[in-house]
Amino acid sequence: MKKFLIVIPVLFILSCSQGEKQENTRLNQLAAQYVKLGLTIGQYDEDFVDAYYGPDSLKPKTEAGETFPKDSLLASVNVLMNDLKDVSRGAVVDSNRLRADWMYNQLIAFGERIRIFSGEYLPFDEESKQLFGVKAPTYEEDYFKTQLDELDSILPGSGSVSNRFQRLAKKFIIPKDKVDAVMKAAIAEARKRTMAHYKLPAGEAFTLEYVKDKPWSGYNWYKGKYHSDVQINTDLDIYIDRAIDVGSHESYPGHHVYNMLLEKNLYNDKKWVEISLYPLFSPQSLIAEGSANYGIEVAFPGNDKVNFTRNVLLPLAGLDTADVDLYFKALSIRGKLNYARNEAARGILSDEMSDNKAQQWLRKYCLMDDETANKSVKFIKKYRSYVINYNYGQDLVKGHIERNGGTAKNPAKRWELFGQLLSHEVNPADLAKK
């Protein structure tokens, strides 16, 4: 009897091990199909694939046809979703269920982007839910007026709040010939702070390039093998605070670190090929943009940002440090106006706001100058509901980390939880759970 009782657990362990192996094999097959499908969509939709560093064998073997194969692509999405749902339902191992669910949610976005590329549009909130897994909160105009009133109380001079803010901000425009030195100094500091908490892959590196005629202020093109091309748009004036914001967002501990940790921990260590494909219009972007924005606060908590700006960046730029405290206080209030951009996007995409009206709204409630407001409208028209990833994504990441103990009073825990978020397949809806 004793021998019999000992054998049962052994058989159970062997059975679970075999089931896990079969699940892994099946998931790897479906992951390869997921990548092939995403790359095929990218043959037609040039904005779909943001990065790919997987095997060449998964790339399309034929050129794109003259007609976008909407129906066949949607059919492939549905078949793959059903297969992943079956794996999830019967998963022996939690990690396999989570992996299947992650790809399933990414595929919802595949389907929605296919429809958008075909000229079929949902209302703003429904579109963002399909593409990014969540709906961002809405705010009435009175909310933004309240923030403007707060700014009105601290800004000197006369005139509109927007004009007075612009007068203050223009004191902190980086001279063109100083931009490179200031950007490199900000990124170097962000990297040093990140390296104090994370061991990054050997040989990791990035190139820094300055570009023009883009609808965005900065972009990270991840190339794989722990290398990124970081581009900074010099169409517009670059303000001193943007050196830290854009630099950290695109590099350390933002996009560069996020993509590296995923490649290292999931693609190289676990052989999860699906992570080698980064579809821009997908829930993954909410995690990417939200973590990149929140990462600025992680790397430069409390007064660190203003102090580093005062002591290092402003002297390097040859700018006066007077009024820097007031400027950063005004920036903090302006941060509460970030959701006004979403309302402009809602208005544009629903045809309730003309371009001119949207620009007026952005100038008034986002405190943008004319050129920046014009660029923002172009961004919205190209990337649509993607704008929620910057503000709501940041709030979801921040809320998740702080609810789990990663507060300003416990920076070590904050860095730990932030690193975990950057190293796993995460569904945005899970971040919203209280």
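The following exercises concern salt bridges in a predicted model.

**Exercise 1.** Determine which helices the salt bridge between Arg164 and Asp152 links, and classify each residue as buried or exposed, or partly exposed.

*Solution.* Begin with the contact: the closest N and O atoms of Arg164 and Asp152 are 2.5 Å apart, and a salt bridge requires a distance within 4 Å. Next, place the residues: Arg164 belongs to helix α6 (residues 161–169) and Asp152 to helix α5 (residues 141–154), so the pair, 12 residues apart, links distant parts of the chain. Finally, apply the accessibility cut-off, under 20% for buried. Arg164, at 6%, is therefore buried, whereas Asp152, at 37%, is partly exposed.

**Exercise 2.** Locate the partners of the salt bridge between Asp304 and Arg193, and identify the network to which they belong.

*Solution.* The side chains of the two residues meet at 2.9 Å, N to O. Asp304 lies in helix α11 (residues 304–317) and Arg193 in helix α7 (residues 179–195), with their positions 111 residues apart in the chain. Arg193 is buried at 19% relative accessibility; Asp304, at 29%, is partly exposed.

**Exercise 3.** State where Glu416 and Lys413 lie, and how they are exposed.

*Solution.* The closest N and O atoms of this salt bridge are 3.8 Å apart. Both residues occupy helix α17 (residues 411–422), three residues apart, about one turn of the helix. Glu416 is partly exposed at 40%, and Lys413 is partly exposed at 27%. To complete Exercise 2, shared partners join Glu189, Lys192, Arg193 and Asp304 into one network of salt bridges.

Technical notes
Residues are numbered from 1 along each chain as its sequence is written. This is a predicted model: local features need pLDDT of at least 70, side-chain atom pairs count only at pLDDT 80 or more; totals for chains, interfaces and linings use all residues. Side-chain values use heavy atoms; hydrogens and water are left out. Helices (H or I, at least four residues) and strands (E, at least two) are DSSP runs, numbered from the N terminus. Buried means under 20% relative accessible area, exposed over 50%, partly exposed in between (1.4 Å probe, protein chains only).
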